[in-house]
Amino acid sequence: MKTIYSLMFTVAVTFLAMFSFSNVSFAAGESQYDLIDGKQVSTNANDPKVKHIYYTGDEQGNEVRLGFTTQQKVDDYIKNEKKVEKESSVSSNFETLGSGTCCTDFYTGANKSGSVHALRVGYIIGSITTEWARSWDDAISSISTASQGSTTLYQHEYRSGGYIRFNNAYYWGKTINLSNYKFSNGVSANNNASSLYVLK
């Protein structure tokens, strides 16, 4: 019996030594972002540094999730983004566009249902409770974007808390259900927005 225990102990020590002193490394998980600060990433090592999330599309029309570590970096990326605005190529009678090219529409229900409030490009709502109504705070579930600029939602009032931003040109004519998205801090964007920015 002692021989068996001795053999088991030896095998265990051997395996421990192999993994302790070898160059074996365990790969980190895959990043949840297609790019971070505009650069390709291969692992999730830098994911915790992301503070801002920007959703847009690639040349094939696929949704792309971009992470940024600072507000300035996401603003610079958007400024340099070479996307063709879709406004000129979309029929003006496209029936699912709500307010049309001018505005992003916010809905209390999924799939553009429930109550609706529109916000024109170039306008902000620093506090939904103050500027719209308390019933709208933490109540937005879906969005139909304007045709240009970007639509930003913050978890708390006056650009605080988690953050998410959408490229309006890419999402023009589509429905954004916020249950499918999270703020940069990992909190669901569904029924959690308290300030809104629709910028050029």
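In this predicted model, arginine 165 and aspartate 75 form a salt bridge, and the closest N and O atoms of the two lie 2.8 Å apart. The pair ties together distant parts of the chain, since arginine 165 belongs to strand β10, which covers residues 160-167, while aspartate 75 sits in helix α2, 90 residues apart from its partner. Side chains of opposite charge can pair in this way when their charged atoms come close.

How covered are the two partners? Arginine 165 has a relative accessibility of 7% and therefore counts as buried, because the cut-off for that class is under 20%. Aspartate 75, with a relative accessible area of 28%, is partly exposed.

The structure holds two salt bridges, and the other one to follow joins the side chains of lysine 73 and aspartate 37, with 3.4 Å from N to O. This pair, too, links distant parts of the chain: lysine 73 is in helix α2, residues 71-80, whereas aspartate 37 is in the loop between β1 (35-36) and β2 (39-40), 36 residues apart. Lysine 73 is partly exposed at 40% relative accessibility, and aspartate 37 is also partly exposed, at 22%. Helix α2 thus contributes lysine 73 to one salt bridge and aspartate 75 to the other.

From the helix we can turn to the strands, beginning with β3, which spans residues 52-57 and is mostly covered, six of its six residues being buried. In a regular strand the side chains alternate between the two faces of the sheet. In β3 both faces are covered, with His52, Tyr54 and Thr56 buried on one side and Ile53, Tyr55 and Gly57 buried on the other.

Which strands does β3 pair with? One partner is strand β4, residues 63-68, which runs antiparallel to β3 and is joined to it by six bridges. Within this pairing, histidine 52 stands opposite phenylalanine 68 of β4. The two strands form a hairpin with five residues between them, and in the turn glycine 61 has a positive phi of about 85°.

Another partner of β3 is β10, and here the strands run parallel, with two bridges joining them. Tyrosine 55 has phenylalanine 166 as its bridge partner in β10. This brings the path back to its beginning, since β10 is the strand that holds arginine 165, whose salt-bridge partner aspartate 75 lies in helix α2. Strand β10 is thus joined by bridges to β3 and linked through a salt bridge to helix α2.

How values were computed. Residues are numbered from 1 along each chain as its sequence is written. This is a predicted model: local features need pLDDT of at least 70, side-chain atom pairs count only at pLDDT 80 or more; totals for chains, interfaces and linings use all residues. Side-chain values use heavy atoms; hydrogens and water are left out. A salt bridge is a side-chain nitrogen of Lys or Arg within 4 Å of a carboxyl oxygen of Asp or Glu. Helices (H or I, at least four residues) and strands (E, at least two) are DSSP runs, numbered from the N terminus. Buried means under 20% relative accessible area, exposed over 50%, partly exposed in between (1.4 Å probe, protein chains only). Two strands pair if DSSP finds at least two bridges between them.
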